[in-house]
Amino acid sequence: MFCCQEVGDSLNEEQIAPIIKEIKGALPEVEEDKIRKEIERYLQYGIEMQEAKRSIIRKFGGVETQFRSVGSITLKEIKGEGSKFDLVVKCLSASERMQKTQNGDKMLVSGLVADASMIRRFVSWDGHSLEEGKAYKINRASARTFRGEVEVNLGSFTQVEEAEEGALSDLDTDALPRFGTLKEIKLREVRPGMGNLQIVGKILGVEARNIEVEGGKKKIFDGVIADETHRLRFTAWHDFDLDIDQVVTVRGAYVKEWRGIPQINFDDRAQVTREEIDIEPVTTPKMRAEELIEAGASDVLVEGTVIEVRDGSGLIFRCPLCNRALMNGSCSVHGAQEGTADLRAKIVLDDGTGALFAILNTEITEELLGLTVSDAIRKFQSLDQSDMVALNKVLLGKEFMLRGNVIRDDFGPTVLPSSITPVDMDCVGKAREILSDLEGF
Ligand SMILES: [Zn+2]
């Protein structure tokens with residue numbers, strides 16, 4: 001039951017990427033863009049995908065060996081992406097779903113398959129549909145990794161036929177592992193992109209929320225889970241009857257991120273069990289720069305010495321339309337603007353393990369300087385750079401404890417503190433002294 005790619009069809013990125021990768025495997029020298037153009041051209045002419053792949057490889061002088069199967073393996077033996085393999089599996093579940101893509105609606109078939117070694121999820125964008133309860137002989141399947149879990153991909157190269165009578169008829173699926181090897185992990189070690197995790201934590205909060213999904217509304221559950229090491233936001237895509245103060249083990253969790261801050265996710269494939277033990281959740285964890293380079297965090301403490309007060313700190317003027325800081329009276333989007341005065345500081349801290357960038361908001365900067373924004377206008381506006389002098393005096397070379405979220409962008413970790421405390425409490429007094437010094441300006 002081999003199904004052809006619909007003729008004249010265009011593919012979305014999720015479909016075309018693995019095809020390019022496949023062809024690239026046989027043609028390592030050829031640029032991806034070239035391969036992409038060729039695929040699009042062949043599809044435009046209504047050439048069936050499998051034939052198109054072969055032709056492209058032949059055209060560029062590649063050898064088709066990449067498309068040969070490595071032979072029969074078990075589900076457990078499948079590793080990451082790469083080669084083709086043959087399987088004999090029993091279909092435990094299968095569902096078809098129209099998925100909206102950039103190029104219109106596409107049918108996605110997905111479900112679970114099992115052999116004597118384990119259970120894995122399978123997907124097909126190419127029209128292979130398996131029937132629950134039946135055993136299949138699958139040739140030239142490939143692997144893909146989704147949410148950190150290895151899945152069986154039935155592509156246009158894959159052949160699916162029913163297995164001979166009696167194959168896998170005595171398979172006891174209840175006894176099979178649901179996932180590959182689960183990784184047991186403390187919450188503090190969780191990083192974006194991880195999957196197949198086993199975590200134990202206490203539910204500190206949980207709230208139901210309705211979201212729009214394909215085919216109607218879905219109730220999901222957002223909350224906070226904590227252990228002795230860390231606290232993370234989570235989303236449960238299935239009703240596991242979670243409640244505050246429960247200690248649970250989640251098997252099969254995966255990690256998404258929001259601005260670099262890891263968030264635990266788990267869906268109906270996961271297993272959630274309640275534990276009798278209690279956990280003393282960490283209050284506000286203190287994090288080091290070296291940890292935050294790998295992942296952001298919400299509501300944590302960082303401590304370090306200010307090694308730089310960056311340009312753009314002090315008294316600034318913001319665009320009244322978009323709040324961006326004006327450069328020489330001009331917004332990068334809205335042009336010349338009157339500008340609303342504000343105080344802020346962009347600093348770099350060193351904590352001995354690395355550097356952290358931090359943006360101090362209006363309230364914190366006002367507090368550090370002992371000046372309100374309107375005080376600062378009076379004091380600094382007519383003077384060149386004296387606001388930077390004042391900030392350098394208050395901050396530079398001094399040690400501070402910051403509490404807040406740490407997000408990540410291209411520049412690395414950025415602390416957005418909601419509060420800042422001098423580690424040497426004398427600093428507060430010194431700030432006042434500085435203030436009186438500044439009267440001399
Ligand atoms: Zn603007």
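Of the 441 residues in this chain, 29% count as buried. Keep in mind as you look around that this is a predicted model. Its secondary structure adds up to eight helices and 22 strands. Among the contacts in the chain with a separation of 6 or more, 62% are accounted for by residues 24 or more positions apart.

A good place to begin the tour is helix α3, which covers residues 49-59. Which of its residues are buried? They are M49, A52, K53, I56 and I57. Seen down the axis of α3, these buried residues fall within an arc of 130°, so they line one face of the helix. Turn to the other side of α3 and you will find R58 and K59, which are exposed. What lies over the buried residues? The cover includes α1 (13-26) and α2. Just past the end of α3, have a look at G61, which takes a positive phi of about 75°.

Now let us see how α3 meets one of the helices that cover it. Two packed helices are described by the angle between their axes and the distance between the axes. For α2, which spans residues 32-44, and α3, the axes come within 10 Å and cross at roughly 135°. The two helices are therefore oblique to each other, and their crossing is right-handed. Which residues make the contact? On the α2 side they are I35, E38, I39, Y42 and L43, while α3 brings A52, S55 and I56. Sorted by class, this contact has six nonpolar residues, one polar and one charged. Two of the names may look familiar: A52 and I56 take part in the contact with α2, and both are also among the buried residues of α3.

From the helices we can move along the chain to a strand. A141 lies in strand β5, which runs over residues 135-146. Is A141 buried or exposed? A residue counts as buried if 20 or more other C-beta atoms lie within 10 Å of its own. A141 has 25 other C-beta atoms within 10 Å, and so it is buried. Who are its partners? Leaving aside neighbours within four places in sequence, A141 is in contact with K84, F85, L87, V152, N153, L154 and T158. As a last stop, find S156: A141 and S156 are 15 residues apart in sequence, and their C-alpha atoms are 9.2 Å apart in space.

Terms used. Residues are numbered from 1 along each chain as its sequence is written. This is a predicted model: local features need pLDDT of at least 70, side-chain atom pairs count only at pLDDT 80 or more; totals for chains, interfaces and linings use all residues. Axes are lines fitted to C-alpha atoms, for helices over the stretch in contact, and angles run from 0 to 180 degrees between N-to-C directions. Helices (H or I, at least four residues) and strands (E, at least two) are DSSP runs, numbered from the N terminus. Angles under 35 degrees count as roughly parallel, over 145 as roughly antiparallel, 65 to 115 as roughly perpendicular and the rest as oblique. A crossing is left-handed if the near helix is turned anticlockwise from the far one by less than a right angle, and right-handed if clockwise. Two residues are in contact if their C-beta atoms, placed from the backbone, lie within 7 Å. Ala, Val, Leu, Ile, Met, Phe, Trp, Tyr, Cys and Pro count as nonpolar, Asp, Glu, Lys and Arg as charged, and the others, Gly among them, as polar. A residue is buried if 20 or more other C-beta atoms lie within 10 Å of its own, exposed if 12 or fewer, and partly exposed in between; C-beta atoms are placed from the backbone. The arc is that of the directions from the helix axis to the C-beta atoms.
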